[in-house]
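This report goes through one protein model, from the whole chain down to single residues. The structure is shown first.

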Amino acid sequence: ITVGVLGDADGDCTMTPSAEGSCCDRRHYWEGEELHNMPQRVMLHVTCPVSYHPSGVCDITVWWRSREPDPRHNTNVYTVSSQIVSTLWPEEAECPWAGWEVQLNGYLLRSVPEGPPECPRG
């Protein structure tokens, strides 16, 4: 908890019980929602335009939600890829099946950790 901030921060444990088989016995607050499992951090190293980053490589953090009883709360690889493409290659975003987006879909799927999310101890 951050001193001087009212409300819940991402990762805070709530008092709501979580579903059976979740990483913890309580849900966790994340981006305004109570989730049964903590999102997992996925770091992507993506080739990007030099105009966006001088090295031509961007480090992108994606918080991956999985194994939620309501699948609408799980991360959608196509949505994430589309957001990354529209940020790094705005001229490509008009074409929903742009080459970059298709490559990112595969890269994201290979980068997601296997196994259940870890529950923070505290």
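The model is predicted, and its protein chain has a mean pLDDT of 77, with 75% of the residues at 70 or more. Confidence varies along the protein chain: strand 3 has the highest mean, 89, and helix 2 the lowest, 67.

**Overall layout**

The protein chain contains five strands and two helices. Read from the N terminus, these elements follow the order β-β-β-β-β-α-α, with both helices after the strands. The protein chain has 122 residues, and 35% of them count as buried. Its accessible surface is about 8000 Å²; carbon and sulfur atoms make up 53% of that area. Among contacts in the protein chain with a separation of 6 or more, 41% are between residues 24 or more positions apart.

**The three-stranded sheet**

Strands of a sheet pair through backbone hydrogen bonds, in either a parallel or an antiparallel sense. Here, three strands make an open sheet in the order 1-2-3, with antiparallel pairing. Strand 1 and strand 3 (33-35) are its edge strands, each pairing on one side only. On average, neighbouring strands of this sheet are turned by 45 degrees against each other, direction ignored.

Strand 1 (13-17) and strand 2 (26-30) are joined by two bridges in the antiparallel sense. Proline 17 stands opposite arginine 26 of strand 2. Cysteine 13 also belongs to strand 1. Its C-alpha atom is separated by 4.5 Å from that of histidine 28, although the two residues are 15 apart along the chain. With neighbours within four places in sequence left aside, cysteine 13 contacts Arg26, Arg27 and His28. Cysteine 13 is classed as partly exposed because its relative accessible area is 48%, which lies between the limits of 20% and 50%.

**Loop residues**

Serine 18 lies in the loop that links strand 1 to strand 2. Is serine 18 buried or exposed? Serine 18 counts as buried because its relative accessibility is 16%, and the cut-off for burial is under 20%. Not counting residues up to four places away in sequence, serine 18 touches Cys24, Asp25, Arg26, Arg27 and His36. Arg26 and Arg27 are thus on the contact list of serine 18 and also on that of cysteine 13.

Two other loop residues have a positive phi without being glycine. Glutamate 31, in the loop between strand 2 and strand 3, has a phi of about 50 degrees. Arginine 67, in the loop between strand 5 and helix 1, has a phi near 60 degrees. Glutamate 31 counts as exposed because its relative accessibility is 54%, whereas arginine 67, at 47%, is partly exposed.

The accessibility values of the residues discussed so far are as follows.

| Residue | Relative accessibility | Class |
|---|---|---|
| Cysteine 13 | 48% | partly exposed |
| Serine 18 | 16% | buried |
| Glutamate 31 | 54% | exposed |
| Arginine 67 | 47% | partly exposed |

**Strands 4 and 5**

Strand 4 and strand 5 run antiparallel and are joined by eight bridges. One of the bridge partners is valine 57 in strand 5, which is paired with threonine 47. Strand 4 has two faces: Gln40, Val42, Leu44 and Val46 form the covered one, while Arg41, Met43, His45 and Thr47 form the uncovered one. Threonine 47 therefore belongs to the uncovered face of strand 4.

**The nonpolar core**

Which residues have the most contacts inside the largest nonpolar core? They are Leu44, Ile60, Val62, Ile84 and Leu88, in a core of 17 residues. Strand 4 (40-47), strand 5 (57-64), helix 1 (77-88) and helix 2 (99-111) each supply at least two residues of this core. Helix 1 gives the most, with five residues.

Valine 62 shows contacts with several of these elements. Leaving aside neighbours within four places in sequence, valine 62 is in contact with Gln40, Arg41, Val42, Leu44, Val80, Ile84 and Leu108. Among these partners, Gln40, Val42 and Leu44 are on the covered face of strand 4, and Arg41 is on its uncovered face. Leu44 and Ile84 are also listed, as is valine 62 itself, among the residues with the most contacts inside the core. Helix 2, one of the elements that supply this core, is also where the confidence of the protein chain is lowest.

Definitions and conventions:
Residues numbered from 1 in each chain as written. Predicted model: local features only at pLDDT ≥ 70, side-chain atom pairs only at ≥ 80, totals over all residues. Heavy atoms only, no water. Helix = DSSP H or I, 4+ residues; strand = E, 2+ residues; numbered from the N terminus. Buried < 20%, exposed > 50% of the residue type's maximum accessible area, 1.4 Å probe, protein only. Contact = heavy atoms within 4.5 Å. Pairing = 2+ DSSP bridges. Axes fitted to C-alpha atoms, helices over the stretch in contact; angles between N-to-C directions. Core = buried A, V, L, I, M, F, W, Y, C linked by side-chain atoms within 4.5 Å. pLDDT = per-residue confidence, 0-100. Areas by Shrake-Rupley, 256 points an atom, 1.4 Å probe, with all protein chains shown as cover.
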